Amino acid sequence: MDYVIEMLNITKEFPGIIANDNITLQVKKGEIHALLGENGAGKSTLMSVLFGLYIPEKGTIKVRGKEVKINNPNAANDLGIGMVHQHFKLVHNFSVLENIVLGVETVKNGFLKMDEAKKRIIELSKQYNLRVEPDAIIEDISVGMQQRVEILKMLYRENDILIFDEPTAVLTPQEIEELMKIMKRLVEEGKSIIFITHKLNEIKQVADRVSVLRKGKYIGTVDVANTSKEEMSEMMVGRKVIFDINKKEANIGETILSVKNLSINSKVHGKSAVNNVSFDLRKGEILCVAGIEGNGQTELVYALTGLLPVDGGEIFYKGENITHKSIRFRNSTGISHIPEDRHKHGLVLDFTLAENLVLQTYFLDQYQKHGFIDFKSRLKNAENMINQYDIRSGEGSITYVRSMSGGNQQKAIVAREVEKDPDVIIAVQPTRGLDVGAIEYIHNQLIKQRDMGRAVLLVSLELSEVLGISDRIVVMYEGEIVGDVNPSEVTQQELGLYMSGSKRGVGYERK
Amino acid sequence: MNVSKLLNNRSFKSVSASVIVILLGLLVGYIILLISNPRQATEGFMIILKGGFNGGLRGVGNMLHNAMPIILTGLSVGFAFKTGLFNIGASGQFILGAFAAIYIGVKWTFVPVEFLWIVALCGSIVAGALWGALAGILKAYRNVNEVITSIMLNYIGMYLVNFMVVNTVFDLTRNQSISPVNAYLPTAGMNVLFPFSSVNVGFIIAIVVAILMYIILEKTTFGFELKAVGYNREASRYAGINEKKSIILSMMIAGGLSGLGGGLLYLSNTGKHIEVVDLLASEGFNGIPVALLGLSNPIGIIFAGLFVGHMNMGGFYMQKLRFVPEVIDIMIAIIIYFSALSLAFKSFIESIARKLRGKTL
């Protein structure tokens, strides 16, 4: 058999955790080989080993049949291995062209020769159907195009083994479609692809074979065509996963949060980021704010939680006008917030897990006496939450959150926000970048909170999530609410029309 | 405890990194001595190593006195650093604190003499804190980088103090400030322990303040807030912490520490005066390597300050050999310079620890 990459019996350890335990991965030439596993299963570690970022304790790596040592990313590059990282490695104020040639510039007598590079990039982008504008500045272009720049970077370096690390996590549904096409095209041109993901639909769509990891161990490799999604997810999670979300009829109570004619001026452009938005959130319901990213959802949530001042309109919580109340007033009187960006807002990465779990409550009497921290009760709190919410980490409550996997970081935030006994939970893309097991967990938590009579405001871009767990949907487009629909009466296609601004609901006509 | 376990201990890694850089710094320093004066190099090196001990108890006392101001400016830089701020303005805060102390010591004759030094020290803290607050306010409300503002405030502070000295507490004949004879610090028994040396109650105050800073940072909710803002300003805001207030308070505390250092040094009865010259107070800048060597930990800073004081005294005693004074400064500077690399060595030790662990498996 003709393998282009063979990673045999790889073992890699970190303090307190064996990230890769005797893992074998064999990739054939010209295939799309999916690497499937939950967060913390060891996918990224394994790829970092292949890319020369980590040196494994045990195991051998063969590239095109020859045993090699990969000690740094340059060595990987010399072997024709390229990687598109989950978080792009681009220089934001450089142009597309400059980013692509960065590090392998063509130089003549000490001067840059950009013309030839540009010509080659245009050729490559035609050959692989990768639309980019060579002279555009990175920070001005869409996330989808940034990703194409990353792909071109690999092609420009003549890499023929391409690693995609969760490439769809940051893309819109349309961009995902396009990426799938690009990947197929790349394989047709003789490239081999390792595709790291935990989205089974995407594996079904493009991959030839899939290798599954679970908790650092190798579970097996199967042909995608002969394996059902259910079987794959069972391999990944280690038990049967129920895809259909089970939920009871909503028991809707009184209005608890009421938004009236809310407007926020945009910081980026002259128009309003949020324009005259009104809605009511009631106890015992999950209200979903759907929409394509950047249509005012972020600003709306910031206004509700107090992170951004309001330019017009009012917010009422339990009948009280909280439009100008402080953040602490809101988060200590029953409004919980699972933020969109868990690294920016949700966590202090250089604090320990225990410290992060009391991030908003450290000043309460139960955690301090006369200004001195009560370390015992803080630790007890952490241990309770770790057990109850199954937060996994290398060293328990003293683990620095930075070293935890994304799914467990999110679990920590959910635990903290839910344990506050809130009346309103504002969850913004709570499952972004998470694996099947964690998504299931978070959905069940949100539904459980709803059934306890709490109000949930869910902001989501994933249509399946929007339709699956919400009781009511409002769609935002360009800062306005353009529709208020019942999830049981609307199709994905129809929702897509609302989201792209091509359709407006009754009562939401353009003025 | 076996070796690899020890190497994985967090505090052991920090301490051993500091020790390694000190040894390397000493080695390079020795080479410099060899180049400049090979015949006396070894003798000179031994004197440096002995530091304050060259002068017996008196030398040790002087060493403690030498360490006192840099422990405080080290705490100032280290405290700010722990809360995410880089306070390069310790020099300006230091000299403002010194001026406030001298001014109160000379002019506030209405205060009973036995309390005057305490009032003067309080004044030095307030003056330093206000000077630090300026950089903090600009950072909090206008997002102006505190490095730039505090550097500029060093010069503004120096010239402002020169101006104020000339106009208020000026000794025209010596071109320096008047001695605050009524506010000199008590010796608090230190003169019994270390006869004929300069050390006084100031050193005890420095140690107490360091312990206090440790408690604030590690044991109180206030310190928790300041550190949270330092590590992640946005997340702190999300958590409901008033992050602007925290930044300003951090800079005020940092400034107050430097100011206290100035007050303590200039209220010591050692003939130290503010001279009206265009020179920044070096104690402020020496606080930066002290904080680095102490890894910003207040307790570590005590030892780092003592070490630098020890080196300085060694340099003082080395003058009896035929070394150009600058060589001594270079030697000390190199050791301090290496200390700044301690973080790099921390990761070096980590990699050794990893290898050892790999073998034992």
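# Worked exercises on a predicted two-chain model

Leu349(A) is partly exposed, with 18 other C-beta atoms within 10 Å. The model is predicted, and the exercises below treat its values as computed.

## Exercise 1. The surroundings of Leu349(A)

Determine where Leu349(A) is placed and which residues it is in contact with, leaving aside neighbours within four places in sequence.

Solution.
- Step 1. Leu349(A) belongs to the loop between H11 and H12 of chain A.
- Step 2. A residue is buried at 20 or more neighbouring C-beta atoms and exposed at 12 or fewer; Leu349(A), with 18, is therefore partly exposed.
- Step 3. Once neighbours within four places are set aside, the contacts of Leu349(A) are His343(A), Val401(A), Arg402(A) and, from chain B, Asn232(B).
- Step 4. Lys420(A), 71 residues from Leu349(A) along the chain, has its C-alpha atom 21 Å from that of Leu349(A).

## Exercise 2. The contact between the chains

State how many residues each chain gives to the contact, and describe the side of chain A that touches chain B.

Solution.
- Step 1. Chain A contributes 25 residues and chain B contributes 16 residues.
- Step 2. On the side of chain A, helix H10 (327–332), helix H11 (342–346) and strand E20 (372–373) are the elements that give two or more residues.
- Step 3. H10(A) supplies the largest share of this side, four residues.
- Step 4. Sorted by class, the side of chain A that touches chain B comprises 13 nonpolar, eight polar and four charged residues.

## Exercise 3. Two helix pairs

Classify the crossing of H4(A) with H5(A) and that of H10(B) with H12(B) as parallel, antiparallel, perpendicular or oblique.

Solution.
- Step 1. In chain A, the axes of helix H4 (residues 114–127) and helix H5 (residues 143–156) come within 10 Å and cross at roughly 110°.
- Step 2. Angles of 65 to 115 degrees count as roughly perpendicular, and H4(A) and H5(A) are therefore roughly perpendicular to each other.
- Step 3. The crossing of H4(A) and H5(A) is right-handed.
- Step 4. H4(A) takes part through Arg120(A), Ile121(A), Leu124(A) and Ser125(A), and H5(A) through Leu152(A), Leu155(A) and Tyr156(A). By class, this contact has five nonpolar, one polar and one charged residues.
- Step 5. In chain B, the axes of helix H10 (residues 221–231) and helix H12 (residues 243–266) come within 9 Å and cross at roughly 100°. H10(B) is thus roughly perpendicular to H12(B).
- Step 6. Glu225(B), Leu226(B) and Val229(B) represent H10(B) in the contact, while Glu243(B), Ser246(B), Ile247(B), Leu249(B) and Ser250(B) represent H12(B). The classes here are four nonpolar, two polar and two charged.

## Exercise 4. Burial and span of helices

Establish how many residues of H14(A) and of H1(A) are buried, and test the span of H14(A) against its expected value.

Solution.
- Step 1. Helix H14 (residues 406–419) of chain A has 14 residues, which at 1.5 Å a residue should span 20 Å; its end C-alpha atoms are 20 Å apart, in agreement.
- Step 2. Because 13 of the 14 residues of H14(A) are buried, this helix is largely enclosed by the rest of the structure.
- Step 3. Helix H1 (residues 43–50) of chain A is mostly covered, with eight of its eight residues buried. Among them are Lys43(A), Met47(A) and Leu50(A).
- Step 4. Asp421(A), which follows H14(A), has a positive phi near 55°; Gly52(A), which follows H1(A), has a positive phi near 85°.

## Exercise 5. Positive phi outside glycine

Find the setting of Asn9(A) and of His370(A), and decide whether each is buried, partly exposed or exposed.

Solution.
- Step 1. Most residues other than glycine have a negative phi.
- Step 2. Asn9(A), although not a glycine, has a positive phi of about 50°. Asn9(A) is in strand E1 (residues 3–14) of chain A, and is partly exposed, with 14 other C-beta atoms within 10 Å.
- Step 3. His370(A), likewise not a glycine, has a positive phi of about 50°. His370(A) lies in the loop between strand E19 (368–369) and E20 of chain A, and is exposed, with 6 other C-beta atoms within 10 Å.

## Exercise 6. Sequence separation and distance

Give the C-alpha separation of Val308(B) and Ile71(B), and of Asp365(A) and Leu353(A).

Solution.
- Step 1. Val308(B), in helix H14 (residues 298–318) of chain B, counts as buried, with 27 C-beta neighbours inside 10 Å.
- Step 2. Val308(B) and Ile71(B) are 237 residues apart in sequence and 9.4 Å apart, C-alpha to C-alpha.
- Step 3. Asp365(A), in the loop between helix H12 (353–357) and E19 of chain A, is exposed, with 8 other C-beta atoms within 10 Å.
- Step 4. Asp365(A) and Leu353(A) are twelve residues apart along the chain, and their C-alpha atoms are separated by 20 Å.

Key:
Residues are numbered from 1 along each chain as its sequence is written. Chains are lettered from A and ligands numbered from 1 in the order in which they are written. This is a predicted model: local features need pLDDT of at least 70, side-chain atom pairs count only at pLDDT 80 or more; totals for chains, interfaces and linings use all residues. Two residues are in contact if their C-beta atoms, placed from the backbone, lie within 7 Å. Ala, Val, Leu, Ile, Met, Phe, Trp, Tyr, Cys and Pro count as nonpolar, Asp, Glu, Lys and Arg as charged, and the others, Gly among them, as polar. The expected span of a helix is 1.5 Å times one less than its number of residues. Axes are lines fitted to C-alpha atoms, for helices over the stretch in contact, and angles run from 0 to 180 degrees between N-to-C directions. Angles under 35 degrees count as roughly parallel, over 145 as roughly antiparallel, 65 to 115 as roughly perpendicular and the rest as oblique. A crossing is left-handed if the near helix is turned anticlockwise from the far one by less than a right angle, and right-handed if clockwise.
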